[in-house]
Amino acid sequence: MLDLPAWCDEWLGSSPADVFYERVSISSVHGVRLADGREVFVKARTDDGRATSCLAAQTSLAERGFPCPRPLTPVVVVGSLAVHAEESLAGGSMLRGSSAEVARRYAAVFARSTALLADVSVVPPVPAPRWARWDHTDPGLWPAIDFLDARDQSVVPSFVLDVASLVRKRLLATDLPCVLGHADFEAQNLRWRDGEVWAVHDWDSLAWQPEAALVGAASGAFANVPPPSLVPVESSAAFLETYQESRGRSFTAEELEIAWAASLWTAVHNARWEALHGDPPVSLAAVREQAAERLRRANCGV
């Protein structure tokens, strides 16, 4: 467990006067108002070897004017945790909706981040976050996630397994080069102000995967707020089109197929999660409705 007051004293040079925000999920996030008046966020997560690369990329983006919180400390290993602090980039609101118009706005931001990340040289942050880890080397269809694997797998509908198998097979068949990209590019992680993006959060979720796969995943998940779902096919198409326009190049036929395949992977992960937890079948229903068309566009052999 992190001793937050002691850590702040040592690495930020000031004690916490107030903790105004706390969230415990994959990582623990503490919003801290320091005695010297600064507001910062301290993030702690299990040290999986990815944190230093993710923080270096975030620092580079912030220094070049991309709207993301500026890191204030290096990654500090505390027992089993990787800990760092970043500035509080408060304000703004979520841009909700899954229309093609909203998709285009998100795609332009994603293209900007990917273009800047292309100039960042870090040790690849692998493995990818669990919901984007289609490229795992664990036995079986899904990446090994102990707290999910311990549940009764028979409750996961067979069509979810079939779709996941087809998608993963298509994604693994490509030899497209890997790049850095945000693997949790969802509405809940962005804030907007006066019609412009104000802050992009959660840089712990960088991944090292083919550009088309990263773009495709974002094209299906950009509208996600709890509970997650899958945007309409037309909105993913608008996202992919705008991304290519913003980057100034058209995807090859293979890249488009990989993008459409990746657009389904996060959704099948979420559908599995719903089934294993007995949650309302939001992603599951979207996969059931859209899988055939997305698989067709991915050339998944159905």
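Start with Arg 38. Its relative accessibility is 33%, so it counts as partly exposed. Keep in mind that this is a predicted model. Arg 38 has a partner. Its side chain meets that of Asp 36 in a salt bridge, 2.9 Å from N to O. Asp 36 has a relative accessibility of 43%, so it is partly exposed as well.

Next pair: Asp 48 and Arg 50. Their side chains also form a salt bridge, at 3.8 Å from N to O. Is each partner buried or partly exposed? Asp 48 is partly exposed, with a relative accessible area of 37%. Arg 50 is buried, at 3%. The cut-off for buried is under 20%.

Now a pair that spans the sequence. Arg 104 and Glu 241 meet through their side chains in a salt bridge, 3.2 Å from N to O. Which helices does this pair connect? Arg 104 sits in α3, residues 100-117, and Glu 241 sits in α7, residues 233-247. So the bridge ties together parts that are 137 residues apart in sequence. On exposure, Arg 104 has 32% relative accessibility and counts as partly exposed. Glu 241, at 39%, counts as partly exposed too.

Salt bridges can also link up. Glu 211, Arg 247, Arg 249 and Glu 255 are joined in a network of them. How many salt bridges does a search of the whole structure find? The count is 16.

Let's move to one helix, α5. It covers residues 158-172, which makes 15 residues. Does its length fit? At 1.5 Å a residue, the helix should span 21 Å, and its end C-alpha atoms are 21 Å apart, so the two agree. Which residues of α5 are buried? They are Phe 159, Val 160, Val 163, Ala 164, Val 167, Arg 168, Arg 170 and Leu 171. Look down the axis of α5. The buried residues fall within an arc of 160°, so they line one face of the helix.

What does that buried side pack against? The buried residues of α5 pack against two helices: α8, residues 253-277, and α9, residues 282-297.

Now turn α5 around. The face pointing away from the buried side carries exposed residues, Ser 158 and Lys 169.

To recap, take two things away. Arg 104 and Glu 241 link α3 to α7 by a salt bridge. And α5 has its buried residues on one face, with Ser 158 and Lys 169 exposed on the face turned away.

Technical notes: Residues numbered from 1 in each chain as written. Predicted model: local features only at pLDDT ≥ 70, side-chain atom pairs only at ≥ 80, totals over all residues. Heavy atoms only, no water. Helix = DSSP H or I, 4+ residues; strand = E, 2+ residues; numbered from the N terminus. Expected span 1.5 Å × (residues − 1). Buried < 20%, exposed > 50% of the residue type's maximum accessible area, 1.4 Å probe, protein only. Arc of directions from axis to C-beta. Contact = heavy atoms within 4.5 Å. Salt bridge = Lys/Arg side-chain N within 4 Å of Asp/Glu carboxyl O.
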